[in-house]
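Biologist: Please take a close look at a single part of this predicted model and tell me, in one connected account, how that part sits among its surroundings.

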Amino acid sequence: MAERIKIELEYPVKSSKKIIYDRLSTAGGLAEWFADDVIVSNNQFNFVWDKQSHLAEMVANKYLKFVRFRWKHLPDDLYFEFKLISEELSGETTLIITDFVEEHEKEESISLWGNQINDLKRIIGT
């Protein structure tokens, strides 16, 4: 397997942490913007895109703070994470996405995440 690099992407989101967190941590919420369908059994998330299943495990989460998933087919130290940060002065919420991608896929991955976040923002009405 090719070497993977860590990327961190920040997106301001004008919505409450609760509304965003529900879209990041539940099957129904994730199916609205992240995948075509999401089926959960225990902490196992089956993400479906184009009728193809991709298994991940929710390995950590803290209510209204972050959610971390690990793809079952990748090494344990590779994950993707959604973190929510509130700006005290402005009241804005920032969504920080951490992912590990192959170097040659970096720009494509950044573009894909941007499209996904645009879908999320549209769904939550921002």
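Modeller: In this predicted model, the part I would choose is strand β7, and a good place to begin is its pairing with strand β6 (residues 80-86), to which β7 is joined by six bridges, the two strands running antiparallel. Within this pairing, Lys-83 has Ile-96 as its bridge partner in β7. The two strands form a hairpin with six residues between them, and in the turn Gly-91 has a positive phi of about 80°.

β7 also pairs with strand β1 (residues 4-13), again in the antiparallel sense, and here the pairing extends over ten bridges. One point of contact between these two strands is Ile-5, whose bridge partner in β7 is Val-101.

As for burial, ten of the ten residues of β7 are buried, so the strand is largely enclosed by the rest of the structure. This holds for both faces: Thr-93, Leu-95, Ile-97, Asp-99 and Val-101 are buried on one side, and Thr-94, Ile-96, Thr-98, Phe-100 and Glu-102 are buried on the other. Val-101, the bridge partner of Ile-5, thus belongs to the side that also carries Asp-99, while Ile-96, the bridge partner of Lys-83, belongs to the side that also carries Phe-100.

The strand has a further role in the picture through the largest pocket, which has a volume of about 520 Å³. Of the 17 residues that line this pocket, the closest to its centre are Trp-71, Asp-99, Val-101, Ser-109 and Leu-112. Asp-99 and Val-101 are listed on one and the same side of β7, together with Thr-93, Leu-95 and Ile-97. β7 (93-102) and α3 (106-124) each supply at least two residues of the lining, although the largest share, five residues, comes from α3. In chemical character, the lining divides into nine nonpolar, four polar and four charged residues.

Trp-71, named above among the residues closest to the centre of the pocket, leads from there to the aromatic rings. At 14% relative accessibility, Trp-71 counts as buried, whereas Trp-49, at 23%, counts as partly exposed, the cut-off for burial being under 20%. The rings of Trp-49 and Trp-71 have their centres 6.1 Å apart and their planes at 55°, so the pair is tilted. This pair links distant parts of the chain, with Trp-49 in strand β3 (residues 44-49) and Trp-71 in strand β5 (residues 66-71), 22 residues apart.

Both tryptophans belong to a cluster linked by ring pairs, whose members are Trp-33, Phe-34, Phe-45, Phe-47, Trp-49, Phe-69, Trp-71, Phe-80, Phe-82 and Trp-113. In the model as a whole, the count of aromatic pairs comes to 22. One of them is formed by Trp-33 and Phe-34, whose ring centres lie 5.3 Å apart with the planes at 55°, so that this pair, too, is tilted. Trp-33 counts as buried at 4% relative accessibility, and Phe-34 counts as buried at 5%.

Terms used
Residues are numbered from 1 along each chain as its sequence is written. This is a predicted model: local features need pLDDT of at least 70, side-chain atom pairs count only at pLDDT 80 or more; totals for chains, interfaces and linings use all residues. Side-chain values use heavy atoms; hydrogens and water are left out. On a 1 Å grid over the protein atoms alone, a cavity is a set of points where a 1.4 Å probe fits but cannot get out, and a pocket is an open set with protein on both sides within 12 Å along at least five of seven lines; lining residues have an atom within 4 Å of a point. Grid points are joined across faces, edges and corners, and a volume is the space filled by probe spheres set on the points. Helices (H or I, at least four residues) and strands (E, at least two) are DSSP runs, numbered from the N terminus. Ala, Val, Leu, Ile, Met, Phe, Trp, Tyr, Cys and Pro count as nonpolar, Asp, Glu, Lys and Arg as charged, and the others, Gly among them, as polar. Buried means under 20% relative accessible area, exposed over 50%, partly exposed in between (1.4 Å probe, protein chains only). Two strands pair if DSSP finds at least two bridges between them. Rings of Phe, Tyr and Trp (its six-membered ring) pair if their centres lie within 6.5 Å; planes under 30 degrees apart count as stacked, over 60 as edge-to-face and the rest as tilted.
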